[in-house]
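Trainee: Could we go through this model together, from its overall make-up down to single residues?

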Amino acid sequence: MYKYQSPTSERILEKPDAEMKFRGNGKLLWNLTKNSFAQQSPNGIAKKVLPASSYSTVQKTIPLEQPNLLKYHVLPLEETLNRFMTTVEPLLTPEEFQQQKGITSEFLKKQGRELQLLLEETGSKEKNWLAHRWLKAAYLTYRDPVTVFVSPGMTFPKQNFRDSRAFVDYTARVIYGLGEFNDMVHANQIPIVKMGKNELDNSQFGKVFGTCRIPRRGTDEIVYNPDSDYVVVIYKNHFYQLKIYSKEGKLIAAPCLAAQLENILLKETQVGVPYGILTTDSRDNWAEAYEYLAETPGNRDALKTIQSALFTVSLDEGTSLKDGEETDELILSLIHGSGSKRNSGNRWMDKTIQLVVNPNGNVGFTYEHSPAEGQPIAMMMDYVVQKMKEDPSFGQTGSQDFAPAQKIQFSSGNKSLEKSLNVAQANVDKLADALQMKVLKFTGFGKDFIKKQRLGPDSFVQMALQLAFYKMHSEPPAQYESAHLRIFDGGRTETIRSCSNESLAFSRAMQDPNATDQERAAKLREAVVSHQTYAKLALQGKGVDRHLLGLKLMAQEHSKPIPEFFKSPGFVKSSHFRMSTSQVATKYDAFMGYGPATDDGYACCYNPRDNDIILAISAWRHCPITDHLKFAKTLEQSFFEMKNVLEKNPPEIKSKL
């Protein structure tokens with residue numbers, strides 16, 4: 001099941017109480033943080049930016065000292081089950097709903113109560129009982145490939161490289177910019193933002209640089225190397241260690257980095273063995289191949305060098321783009337590299353951050369999801385793009401003291417490894433063929449229009465997705481949207497369950513020829529308010545899904561049987577997310593994309609901007625009932641229909657008295 005979680009709900013942002021002063025890049029960072037949170041929390045009033053108090057390297061990550069973060073709670077069981085019943089009603093027949101009432105009531109009285117006591121006892125001893133369990137359950141024990149199923153792609157604005165010189169100059173400047181961002185993470189210069197009265201946890205920023213997933217049979221591991229001083233460049237499947245800091249710890253100037261990138265391009269004329277393609281395969285296949293690969297000391301050193309890099313840089317082979325499909329190909333190339341005959345071998349999918357640059361102008365991140373949500377990744381992209389846009393000489397002023405890039409040598413593998421390489425190539429080609437993607441750049445309106453209607457942009461888009469699915473499939477989908485839990489120490493995400501009785505009533509009214517536009521507009525407003533209400537609860541850690549997961553994990557950890565409740569029609573249908581969605585916002589012409597959560601569903605990641613909305617919609621080729629192209633058209637129609645009913649029924653102007 002796909003596990004993308006990105007902080008997503010709308011945020012209302014006030015100006016900080018006082019203009020904060022930051023050294024160096026502070027103002028830009030505050031604006032980026034502010035813009036980021038303007039997209040994220042229903043209640044998110046960013047009132048003050050507080051400097052973090054200290055820097056340490058516990059567990060080799062960079063946790064910020066934030067003593068004011070909340071301890072993650074265990075909700076009362078009855079509260080969660082009542083909310084659960086409300087969320088499943090639109091997905092069940094009346095008979096199923098009655099049956100579910102009995103099952104839920106029985107669970108509340110018996111097994112649920114017993115598991116709740118175990119969870120409360122666990123929660124009382126831990127600052128965040130969920131975080132490490134979520135990392136393991138959602139990611140490290142997950143055995144499908146991270147490619148497509150876990151790792152999203154995040155685009156940069158499209159580039160136009162005149163020649164190979166422009167290509168390497170641009171890449172060097174982006175590397176320099178990411179180094180600068182890394183320095184600010186180390187110096188605790190990422191502003192701490194508040195949502196209401198609560199500080200938001202910044203610890204994820206310290207977990208993305210130098211981090212790598214390691215394949216193991218059954219359960220993967222994660223290693224953190226935040227103090228790393230180099231990146232690994234991958235070109236034609238060859239690997240190079242490129243120092244980006246001098247001996248004194250100063251960032252090396254972009255022109256010096258560019259000269260070394262150019263040397264790598266000149267040196268490697270033949271395609272190497274695509275060891276990187278092994279990282280695209282299922283985790284157990286890769287774990288087995290990893291054991292073969294790590295048999296020699298030289299290969300073990302090579303693996304460690306790659307894993308310890310701050311991030312990887314894939315200099316891809318240029319691919320031609322079909323007219324009208326450029327943005328679809330851009331996001332697909334970031335998600336899976338477009339297959340073994342293109343660039344899928346020119347990757348290391350276990351690295352948290354992979355910068356991918358193609359001579360055709362396609363640029364972005366491939367991002368391994370285990371250690372963090374999308375917000376630090378999107379903010380990095382914003383930061384680098386803005387610095388390069390504002391300052392033509394960005395990256396020129398670093399250190400000139402550099403060492404030449406060193407080739408990372410793998411020794412030729414045995415027969416078993418050759419077999420693993422062949423299997424991985426065949427599997428990634430199947431996966432690349434199976435994933436279909438349509439990027440819809442909707443230009444009819446954007447956030448400005450939605451706000452004028454006194455509606456939240458995020459909830460509005462969520463309701464458009466509900467309507468488009470209902471129009472195509474004549475039933476509502478269970479719809480996943482993630483909300484961050486960053487008011488809690490080490491908080492990750494909670495699910496916003498976007499399908500509601502109100503969203504179903506709205507979808508039906510839009511399809512009912514007897515409904516008036518006034519009724520449709522009223523139902524749309526009610527559906528948006530319902531979504532916003534759930535989103536606010538989710539951000540406070542009062543959703544349904546993580547609590548229920550905690551109860552299930554208590555049964556597993558204490559060797560108790562998994563209750564029948566977890567096989568009930570309400571639980572099964574409401575967690576089969578046929579719409580897997582998230583908002584990742586940036587003011588740039590950029591977006592994130594990923595694969596669907598279910599075989600018979602869609603994924604949609606979207607970026608609502610002031611006057612347009614960019615949406616990356618994916619579906620599986622092998623599913624006969626989903627159609628990503630038809631869904632994109634139906635979604636576009638839904639947006640226009642919603643605009644139409646709202647314009648005929650504008651919001652009431654409240655009296656100032």
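The exchange below covers the overall make-up, the sheet, the aromatic pairs and one buried residue.

Mentor: This is a predicted model, where local features need pLDDT of at least 70 and side-chain atom pairs count only at pLDDT 80 or more, while totals for chains, interfaces and linings use all residues. Residues are numbered from 1 along each chain as its sequence is written, and side-chain values use heavy atoms, with hydrogens and water left out.

Trainee: How many helices and strands are there in the protein?

Mentor: Helices (H or I, at least four residues) and strands (E, at least two) are DSSP runs, numbered from the N terminus. On that basis the protein has 19 helices and 18 strands.

Trainee: What percentage of the residues in the protein is buried?

Mentor: Buried means under 20% relative accessible area, exposed over 50% and partly exposed in between, with a 1.4 Å probe and protein chains only. Of the 657 residues, the buried share is 63%.

Trainee: Which strands are the edge strands of the eight-stranded sheet?

Mentor: Two strands pair if DSSP finds at least two bridges between them. The open sheet has mixed pairing and runs in the order β11-β7-β6-β8-β9-β10-β1-β16. Strands that pair on one side only are its edges, and these are β11 and β16 (592-593).

Trainee: In which sense do β9 and β10 pair, parallel or antiparallel?

Mentor: Strands of a sheet pair through backbone hydrogen bonds, either parallel or antiparallel. Val 357 has Val 363 of β10 as its bridge partner. Over five bridges, β9 (residues 353-357) and β10 (residues 363-367) pair in a sense that is antiparallel.

Trainee: What angle does α7 make with β7?

Mentor: Contact means heavy atoms within 4.5 Å; axes are lines fitted to C-alpha atoms, for helices over the stretch in contact, and angles run from 0 to 180 degrees between N-to-C directions. Helix α6 (residues 164-186) lies across β8 (312-315), β9 and β10, at about 160° to β9. Helix α7 packs on the sheet and touches β6 (230-235), β7 (238-243) and β8. Its direction and that of β7 make an angle of about 160°.

Trainee: Why is the pair of Phe 161 and Phe 167 called edge-to-face?

Mentor: Rings of Phe, Tyr and Trp (its six-membered ring) pair if their centres lie within 6.5 Å; planes under 30 degrees apart count as stacked, over 60 as edge-to-face and the rest as tilted. The structure holds 32 such aromatic pairs. In this one the centres are 5.6 Å apart, and the label follows because the planes are at 75°.

Trainee: How many residues apart in sequence are the parts that Tyr 275 and Phe 410 tie together?

Mentor: Tyr 275 and Phe 410 form a tilted pair, 4.7 Å centre to centre with 40° between the planes, and both are buried. Tyr 275 lies in the loop between α7 (254-267) and α8 (283-293), and Phe 410 in the loop between β11 (406-408) and α12 (415-434), so the pair ties together parts whose separation in sequence is 135 residues.

Trainee: How far apart in space are Ile 331 and Tyr 594?

Mentor: Ile 331 is found in helix α10 (residues 326-336) and is buried, with a relative accessible area of 0%. Leaving aside neighbours within four places in sequence, its contacts include Phe 591, Met 592 and Gly 593. Ile 331 and Tyr 594 are 263 residues apart in sequence, and their C-alpha to C-alpha distance is 8.4 Å.
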